[in-house]
Amino acid sequence: MADLVNVKVKLDQAMDMLSELDGNKFRMRRRILSGVGVAVKNKVKKSYKSFFRKQTGTLYKSLNSRVIKNGKAAIVSPSAAKDKVRYGYVLSKGTTIEAKKGDFLTFKIGEKWIRKHSVTIPERDWVSGPAKRYLASSELKTKLDQLTQREIDKAEKAAQKKVSG
C-alpha cells in the first residue's frame with residue numbers, strides 16, 4: 001500500500017453557506033473535497049523535485065487524489081507499481097531489500113557493477129509532508145472559499161434555470 005494522505009477538511013462553515021441553496025448537498029460536499037484533493041496533489045507534485053535526484057516521472061504521474069465513497073475525506077496517494085510492488089510506499093516508508101535468488105543483489109551504477117547482500121532505502125516524506133504543510137496553510141482557506149463560491153454560483157444558476165424554464 002502506498003503512502004496515503006487522508007485529506008479531512010472541516011467543511012462545516014462551507015456546508016452551512018450551502019444549506020440554504022437547492023441541490024444535492026452530498027454531491028456539493030464531494031465536489032469541494034475533490035477540489036481540495038486536487039490542490040493537495042498539485043502541491044505534492046510541486047515539491048517532488050526536491051526529494052529525488054533521478055526523476056523518471058513514473059511516481060510523479062502516478063500521484064492521484066480521490067474522494068472516498070462516504071464523501072467525508074479525500075485520499076492523495078501514489079499508485080506507481082511494477083510487478084505488483086508498490087514502490088511509492090517503499091520510498092515513503094523506507095525498507096531493506098534483500099536478494100531473493102542467490103546471495104547478492106547486483107546492479108549497475110554508472111559504469112561500475114555493484115554486488116550487495118542487501119540495500120537499505122531511507123525513508124523520505126515526499127507525499128505526507130508537503131500535503132500536511134498545505135493543509136495547515138492559509139492557501140487551503142482561500143481554496144475552500146473559491147470552491148464554495150463555485151458551488152453557490154452553480155446552485156444559483158440551476159435555481160434561475162428552474163424559475164425561467
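This passage describes the helices, the nonpolar core and the salt bridges of a predicted model.

The protein has an average pLDDT of 84, and 93% of its residues score at least 70. Confidence varies among the elements: strand S6 (residues 112-116) has the highest mean pLDDT, 95, and strand S1 (residues 5-7) the lowest, 71. Where pLDDT is low, predicted coordinates should not be read in detail.

Helix H2 covers residues 25-47, 23 residues in total. The distance from its first C-alpha to its last is 33 Å, close to the 33 Å expected at 1.5 Å a residue. At the N-terminal end of H2, Asn24 acts as a cap, with a side-chain oxygen 3.0 Å from the backbone nitrogen of Phe26. The buried residues of H2 include Met28, Ile32, Leu33, Val36, Ala39, Val40 and Val44. Gly35 and Gly37 are also buried in this helix, as are Lys41, Lys45 and Ser47.

Helix H6 (residues 138-164) can be described in a similar way. For its 27 residues a span of 39 Å is expected at 1.5 Å a residue, and the end C-alpha atoms are 39 Å apart, which agrees. Ser137 caps the N-terminal end of H6, where a side-chain oxygen lies 3.3 Å from the backbone nitrogen of Glu139. Within H6, the buried residues are Leu140, Leu144, Leu147, Thr148, Glu151, Ile152 and Ala155. The elements that cover these buried residues include H1, H2 and H5. In helix H5, the residues Ser128, Gly129, Pro130, Ala131 and Tyr134 are buried, and the buried residues of H5 pack against S1, H2 and H6.

The largest nonpolar core contains 31 residues. Those touching the most other members are Val7, Leu11, Leu18, Val36, Val40, Trp126 and Leu144. At least two residues of this core come from each of S1, helix H1 (12-18), H2, strand S2 (63-67), strand S3 (74-78), helix H5 (128-135) and H6. The greatest contribution is that of H2, which gives seven residues. The surroundings of Val7 illustrate how parts of the chain meet. When residues up to four places away in sequence are not counted, Val7 touches Leu33, Val36 and Val40, together with Ala73, Ala74, Val76 and Leu135.

Charged side chains provide further links, and three salt bridges are counted in the model. In one of them, the side chains of Arg31 and Glu151 meet at 2.8 Å, N to O. Arg31 belongs to helix H2 and Glu151 to helix H6, so this pair ties together parts that are 120 residues apart in sequence. The two partners may be compared by their accessibility. Arg31 has a relative accessible area of 35% and is partly exposed, whereas Glu151 has a relative accessibility of 4% and counts as buried, because the cut-off for a buried residue is under 20%. Apart from residues up to four places away in sequence, Glu151 touches Leu18, Met28, Arg31 and Ile32.

A further salt bridge joins the side chains of Glu139 and Lys43, at 2.9 Å from N to O. Glu139 is part of helix H6 and Lys43 part of helix H2, so the pair ties together parts that are 96 residues apart in sequence. Glu139 counts as partly exposed at 42% relative accessibility, and Lys43 is partly exposed with a relative accessible area of 25%.

Asp145 and Lys141 also form a salt bridge, in which the closest N and O atoms are 3.2 Å apart. These two residues are four apart in helix H6, which means that about one helical turn separates Asp145 from Lys141. Asp145 counts as partly exposed at 40% relative accessibility, and Lys141 counts as partly exposed at 43%.

Finally, Lys108 is located in strand S5 (residues 105-109). At 43% relative accessibility, Lys108 counts as partly exposed. Between Lys108 and Arg30 the C-alpha to C-alpha distance is 47 Å, and the two residues are 78 residues apart in sequence.

Terms used
Residues are numbered from 1 along each chain as its sequence is written. This is a predicted model: local features need pLDDT of at least 70, side-chain atom pairs count only at pLDDT 80 or more; totals for chains, interfaces and linings use all residues. Side-chain values use heavy atoms; hydrogens and water are left out. The expected span of a helix is 1.5 Å times one less than its number of residues. Buried means under 20% relative accessible area, exposed over 50%, partly exposed in between (1.4 Å probe, protein chains only). A polar contact is a pair of N or O atoms within 3.5 Å; within protein, one must be able to donate a hydrogen and the other to accept it, and residues adjacent in sequence count only if both atoms are side-chain atoms. pLDDT is the predictor's confidence in each residue, from 0 to 100. A salt bridge is a side-chain nitrogen of Lys or Arg within 4 Å of a carboxyl oxygen of Asp or Glu. A nonpolar core is a set of buried Ala, Val, Leu, Ile, Met, Phe, Trp, Tyr and Cys residues joined through side-chain atoms within 4.5 Å. Contact means heavy atoms within 4.5 Å.
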